[in-house]
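Me: I am new to this structure. Please take a close look at one part, the sheet and what packs on it, and then show me a helix contact too.

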Amino acid sequence: MPSWKEYQEQHKDRFLNELLDLLRIPSVSARSEHKPDMIRCADAVKQRLLEAGAGRAEVYPTEGHPVVYGEKMTDPSLPTVLVYGHYDVQPADPLELWHSGPFEPVIKDGKIYARGACDDKGQVYMHIKALEIMTKTNSLACNIKFIIEGEEEVGSPNLAKFVKQQKELLKADVILISDTSMLGMDTPSIDAGVRGLSYIEVEVTGPNRDLHSGVYGGAVANPITMLAKMIASCHDANNHITIPGFYDDVVEATPAEREKMAKAPYNEKEYSEDLGVKNLWGEKGYTTNERTGIRPTLEVNGIWGGYTGEGAKTVLPSKAFAKISARLVPNQSSAKTTEKLLSYFVSIAPAGVTVKAAEHHGGEPYMTPVDSIEYRAAAKAIHTTFGKEPIPVRGGGSIPICSLFEKELGIRIVFMGFGLDSDNLHSPNEKFDLFNFYKGIETIPYFHQFYAEMKKGE
């Protein structure tokens, strides 16, 4: 469809400027002070959907942040694609590590730098602009619905209720998600699955108040020291997770799947240099790509306690805290894993301290069959615009709502992400290549075309 490419070329500068305006809204779902920004961003997304040609767009309130729904329904005989994404973003901390303001987008060396540039505003906006292109060129091959939420970065606590209440509204044939990445623009790939998540917080309490470390040090257990020992006990010398029963339900990847993964291009020297580390770390017996895709992990996401301000203060703290998350692979249950984590940290509490552990949020792992119509349509679309067959890979991140969607709506999900793992998601200086942004807009209409053709031929 040459007219798609022509329309995009004519309007590409406007497409970019509209995205930059969206990135200027600090829609941080985790921070209560940004609640007005969340509403402002939801309204902006609604308006952009209408401008792109949606016949209907609405902002639905929830007990937390609102959900934006949009649709372009042209023919009931055509298949319906439900596009999922999120307009909320991670907190930008630490601010001092950004080379420009996180909500003051700049373009440098062909990349957009801003919080949400890739995760997920930039990728959501590809779909909105693809809708505009197909609408304006009168080439819609499918009905299209959008569900764009504002709580993905905090575990989507209110989305399940919304989906259960709005099954008829969200009725579709497939869910299309661009909240994942590719191996590279010269090595296109499709995530055939994402990992699940179990997230907890641990609180360790020692004395009933902060103490003078000279007067009491050596006589009273230091909660930070105790917490550090507890965390250290979670891995053995082979970096294997030691929590009892942690691996019980893990479905091991087959030799054939590991062989396919090994075909993905990988340069350990470049990988290490990009991260600024001398040596990589991980579970013995697995490659780096396997460790980040087919194996479960346990990581400390934050740890604090005592005095952390400027200068010195010789204190033995009363409390210490840590946020800890596990990434899960097929057949692992987030609920069961969370219970194991909570029980483990309480059970290993050293003498002299008490331990409390609580759940934050979780989500299930998800796999999509590579022989499904949904996957094959995405693969053909990418092959059409990239000129290469995409490699199926497993994503290391988590999209907690995937299993919920399939369970409640009874339809499959296909991932078609255009970001890169090196785009600093959740980190300072998040970025999104202009090439990737425009390539996504170019590719998405082909998915709709090929999916409609394949469904018709079923």
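Reply: Strand 1 pairs with strand 2 (residues 67-72) in the antiparallel sense, over five bridges. Within this pair, Tyr-60 stands opposite Val-67 of strand 2. This is a predicted model.

Now widen the view. Strands 1 and 2 belong to an open sheet of six strands. The order is 1-2-6-3-7-18, and the pairing is mixed. Strands of a sheet pair through backbone hydrogen bonds, either parallel or antiparallel. Strand 1 (56-60) and strand 18 (412-415) stand at the edges. Each has a single partner strand, so one side of each is left without a neighbour in the sheet. From one strand to the next, the twist averages 20°.

A helix packs on this sheet: helix 12, residues 402-409. Helix 12 touches strand 3 (80-86), strand 6 (143-149), strand 7 (174-177) and strand 18. The direction of helix 12 makes about 145° with that of strand 18.

Next, the helix contact. Helix 3 (residues 121-136) packs with helix 13 (residues 434-456). Their axes lie 8 Å apart, at an angle of about 55°. That angle makes helix 3 oblique to helix 13. The crossing is right-handed. Helix 3 contributes Gly-122, Tyr-125, Met-126, His-127, Lys-129, Ala-130, Ile-133 and Met-134 to the contact. From helix 13 come Asn-436, Phe-437, Gly-440, Ile-441, Ile-444, Pro-445 and His-448. By class, the contact has nine nonpolar, five polar and one charged residues.

Methods: Residues numbered from 1 in each chain as written. Predicted model: local features only at pLDDT ≥ 70, side-chain atom pairs only at ≥ 80, totals over all residues. Heavy atoms only, no water. Axes fitted to C-alpha atoms, helices over the stretch in contact; angles between N-to-C directions. Helix = DSSP H or I, 4+ residues; strand = E, 2+ residues; numbered from the N terminus. Parallel < 35°, antiparallel > 145°, perpendicular 65-115°, else oblique. Left-handed = near helix turned anticlockwise from the far one by under 90°. Contact = heavy atoms within 4.5 Å. Nonpolar A, V, L, I, M, F, W, Y, C, P; charged D, E, K, R; others polar. Pairing = 2+ DSSP bridges.
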